[in-house]
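This report describes helix packing, aromatic pairs and a few single residues in one protein model. The sequence and structure come first, and the text follows them.

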Amino acid sequence: MIAGLGVFRVWSAIHAISPRAQPGDLITMVHAQTDDPGSLGWKIKHDQRINILLLGYGGPGHDGPYLTDSVMLVSIRPGSHEAIMISLPRDLWVKIPALPNNRYMMSKLNSAYAIGIDHRNYPNVRSDWKTDTGGGDLAAATVSQVTGQPIDYWVGVDFKAFRDVVNAIGGVKVDVPTTLDDPYFPAGESTGMMHIRIDAGPQQFDGERALEYARSRETTSDFDRSRRQQLIMLAVRQRVFSVNAIPRLLSLLGALQDNVRTNLRPSEMQQLASLAGRIRDQDIRRVAIDTSNLLRSGFNSGGQYVLQPLDPTYGALHRYVAMALPDRSALTPQIPFQVQDGSRRYWLPYGIGTPASIMTSLLQAEGWGATLGPPATQRVTQTQILDGSGGTAAATVSWLQDYFGAVVTTVPAPSSGASVTVVLGSDFTLKTFPAPGKA
């Protein structure tokens, strides 16, 4: 009877966290996993890209408890054990497909989860979202539209669960790149403020300190915070697998059941944990989509501060995310190439840079050996790739040609510097960085 009660408690906690779980999942967690077409096992076996959406929010007792403070897409290539973390800003002004008959609501990205979970204040949402997983499902559908990628799984975690997890694994070590000094950090669940300071250099964080580092934004920016959140997530992952902390986390199930939600079933959690444990830290790349690359800031018709894509069709963002995990055979040789501005036909906010500088940074974030070259001496309409590698950079040139839709021209090997040059033409810059109001 006692054993049965224990199993019931475990099942109750699992079902609260994973509403899609079935009683049979308790058996499949300790037996062979299925690999039916489309399943996680099938995707791993056939090296299909896996996209997981991570959502962080305040939870009960906080203002806007289900507005997501953190929105992060983690994309994995199972075969090559590579991953990329892509942070999306909460203030991105988006179409949220919340309403029946394919209608949508215009709102900030961070409200999608709240709309899908708050059935009292949003009674008219589609029936798809009126479920126990409606918040995450709606957030996933919204992020899928923004990124052009299907979202396979999502995990939503509130502040309490985050603190508990970090404390359960004995804290995390983070090499803080820049001192953080914030005298206006929210004091608990009150309206007061407190002063936090975290010095640059190696730091040991408990759950509370890790949360402060991840949440602070008053003295920096949401974009800095996205990068700090990525550092924290990497530190948590590293700690979990270095000390084999999975059993400790399983013991937290009862405490976390009101503070974590996911559409992952238990067997999928196990498979995903096994896959994540085989990815090396150096094979996880990080990028934040923000106003330094593909977004611009402004105000909507209601006077709200919002972010919008420079390319209103989202084509530039879709293309970047779609190719964010290059084949290792092309990436590993680290063939250096340079990117040049070959067009004056584009629009960018003052002080942001040029198309070539932005694309260089984005390509570097994916792991490419890109550098910013001098402006081209002649303006070009069609983006060109000048290949002076003598065939040694064939895989890199092929990837660049596919990404930019460029014409490849074989040229003599340069006496020094990169043997491959991408010259951005107006065909690329007009689509990626158009003037506001022009698609």
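## Aromatic residues around helix H15

Phe404 has a relative accessible area of 4% and is therefore buried (buried means under 20% relative accessible area, exposed over 50%, partly exposed in between, with a 1.4 Å probe and protein chains only). The model is predicted, so local features need pLDDT of at least 70 and side-chain atom pairs count only at pLDDT 80 or more, while totals for chains, interfaces and linings use all residues. Residues are numbered from 1 along each chain as its sequence is written, and side-chain values use heavy atoms, with hydrogens and water left out.

The structure holds 11 aromatic pairs. Rings of Phe, Tyr and Trp (its six-membered ring) pair if their centres lie within 6.5 Å; planes under 30 degrees apart count as stacked, over 60 as edge-to-face and the rest as tilted. One of the pairs is Trp399 with Tyr403, which is stacked because the ring centres are 5.3 Å apart and the planes are at 10°. Both residues belong to helix H15 (residues 394-404), and being four residues apart they are separated by about one helical turn. Helices (H or I, at least four residues) and strands (E, at least two) are DSSP runs, numbered from the N terminus.

Phe404 and Phe428 form an edge-to-face pair, with 5.1 Å from centre to centre and 65° between the planes. Phe404 lies in helix H15 and Phe428 in helix H16 (residues 426-432), so this pair ties together parts that are 24 residues apart in sequence. Phe428 counts as buried at 3% relative accessibility. Trp399 is buried at 11%, and Tyr403 is buried at 4%. Ring pairs link Phe337, Trp368, Trp399, Tyr403, Phe404 and Phe428 into a cluster.

Thr396 is also found in helix H15. Its relative accessible area is 1%, so Thr396 is buried. Apart from neighbours within four places in sequence, Thr396 is in contact (heavy atoms within 4.5 Å) with Ala330, Ile335, Phe337 and Trp368. Among these, Phe337 and Trp368 are members of the ring cluster.

## Two helix contacts

Axes are lines fitted to C-alpha atoms, for helices over the stretch in contact, and angles run from 0 to 180 degrees between N-to-C directions. Angles under 35 degrees count as roughly parallel, over 145 as roughly antiparallel, 65 to 115 as roughly perpendicular and the rest as oblique.

Helix H5 (residues 134-147) and helix H12 (residues 315-322) have axes that come within 7 Å and cross at roughly 100°. H5 is therefore roughly perpendicular to H12. On the H5 side, Gln145, Val146 and Thr147 meet Leu317, His318 and Val321 of H12. By class, this contact has three nonpolar, three polar and no charged residues. Ala, Val, Leu, Ile, Met, Phe, Trp, Tyr, Cys and Pro count as nonpolar, Asp, Glu, Lys and Arg as charged, and the others, Gly among them, as polar.

Helix H7 (residues 207-215) and helix H8 (residues 222-242) pack at about 150°, with their axes 7 Å apart. The two are therefore roughly antiparallel to each other. H7 contributes Ala210, Tyr213, Ala214 and Arg215 to the contact, and H8 contributes Arg225, Arg228, Gln229, Leu231 and Ile232. These residues divide into five nonpolar, one polar and three charged. The charged end of Arg228 sits over the ring of Tyr213, 5.6 Å from its centre. A charge sits over a ring if NZ of Lys or CZ of Arg is within 6 Å of the ring centre and within 35 degrees of the ring normal.

## Positive phi and a strand residue

Two residues other than glycine with a positive phi are listed below.

| Residue | Phi | Loop | Relative accessible area |
|---|---|---|---|
| Tyr314 | near 70° | between strand E14 (305-309) and H12 | 15%, buried |
| Gln334 | about 50° | between helix H13 (328-331) and strand E15 (337-341) | 41%, partly exposed |

Val407 lies in strand E18 (residues 407-410). At 41% relative accessibility, Val407 counts as partly exposed. Leaving aside neighbours within four places in sequence, Val407 is in contact with Gln382, Thr383, Gln384 and Ile385. Val407 and Asp69 are 338 residues apart in sequence, and their C-alpha atoms are 42 Å apart in space.
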